[in-house]
Amino acid sequence: METFVCASANPDKVAEIAALLNGFVELLPRPAHLPEVVEDATSLRGNARLKAAAICAATGLAAISDDTGLEVDALGGEPGVHTARFAGEGCSYADNRAKMLSVLRDVPMVQRAARFKTVAMVMWPDGRELAVEGVCEGSIAMSEQGVRGFGYDSIFVPVDGDGGTFSQMSEAAKNDISHRGRAFRALVAALANGLPTT
Ligand code: IMP
């Protein structure tokens, strides 16, 4: 089994990623002393690359990274790469959800389509990289529903679910259909097909 360092330090995400990769790869935690990477690329793939490259350079080991964006049609695809800081620098998950509900206050349910996109990437110390994408179509709820999860979970209703938000689903049910679940399963499949040469 190949060993990778996880580029994410976010415990919410690391738990999901570890569950998704369990049995397929050995995942080492991100070294605690490493400074946070400034995610200022203009694409999800660019940000995933920044994070993976920093871990590769610091550890000399292959790294697994990911970057996620929420695209809301009524907002012209925003917040996209700005999803983590939608409500401003240093904002909380709750601030982001409150801002999303506020800006969509007058938007009817039929116009609240949105999707989460995740780019999952492996980068090796010799510069090879492998990137895949996972998408979860859905919509933004009119109000918060449920308590589980993190980020926008309580206001995102996936199309492939049972009509509830991610927060109303078990972790396993969310992983089955989520952007991150799809991206990391695609990554495992791509790794099983052999390592890239570029
Ligand atoms: P990241 O690139 O994975 O850190 O994701 C950027 C932001 O998207 C996070 O700060 C969360 O607000 C949000 N996000 C990512 N994944 C999820 C998810 O599975 N559910 C809800 N929100 C998420």
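**Exercises on two helices and a ligand site**

In helix 2 of this predicted model, the residues Leu-44, Gly-46, Asn-47, Ala-48, Lys-51, Ala-52, Ile-55 and Cys-56 are buried.

**Exercise 1.** Work out which elements the buried residues of helix 2 pack against, and compare the reach of the helix with the expected one.

*Solution.* Begin with the extent of the helix: helix 2 covers residues 44–59, and its 16 residues reach 23 Å from the first C-alpha to the last, close to the 22 Å expected at 1.5 Å a residue. Next, look at the surroundings of its buried residues, which pack against strand 1 (3–6), helix 1 (11–21), strand 3 (63–72) and strand 5 (113–123). Finally, just after helix 2, find Gly-60, which takes a positive phi of about 75°.

**Exercise 2.** Describe helix 5 in the same order, starting from its reach.

*Solution.* Helix 5, residues 179–192, has 14 residues and reaches 20 Å between its first and last C-alpha, close to the expected 20 Å. Its buried residues include His-179, Arg-180, Phe-184 and Leu-187, and the elements that cover the buried residues include strand 1, helix 1, strand 6 (129–140) and helix 4 (171–177). After the helix comes Gly-194, with a positive phi near 110°.

**Exercise 3.** Which residues are closest to the ligand, and how much of the ligand does the protein bury?

*Solution.* Of the 16 residues that surround the ligand, the closest are Lys-13, Thr-68, Asp-153, Lys-174 and Arg-180. A polar side-chain atom of Lys-13 lies 2.8 Å from a ligand oxygen atom, while a side-chain N or O atom of Asp-153 is 2.6 Å from a ligand nitrogen atom. Taken alone, the ligand exposes 480 Å², of which the protein buries 93%.

Notes:
Residues numbered from 1 in each chain as written. Predicted model: local features only at pLDDT ≥ 70, side-chain atom pairs only at ≥ 80, totals over all residues. Heavy atoms only, no water. Helix = DSSP H or I, 4+ residues; strand = E, 2+ residues; numbered from the N terminus. Expected span 1.5 Å × (residues − 1). Buried < 20%, exposed > 50% of the residue type's maximum accessible area, 1.4 Å probe, protein only. Contact = heavy atoms within 4.5 Å. Near = heavy atom within 4 Å. Polar contact = N/O pair within 3.5 Å; in protein donor to acceptor, adjacent residues only side chain to side chain. Areas by Shrake-Rupley, 256 points an atom, 1.4 Å probe, with all protein chains shown as cover.
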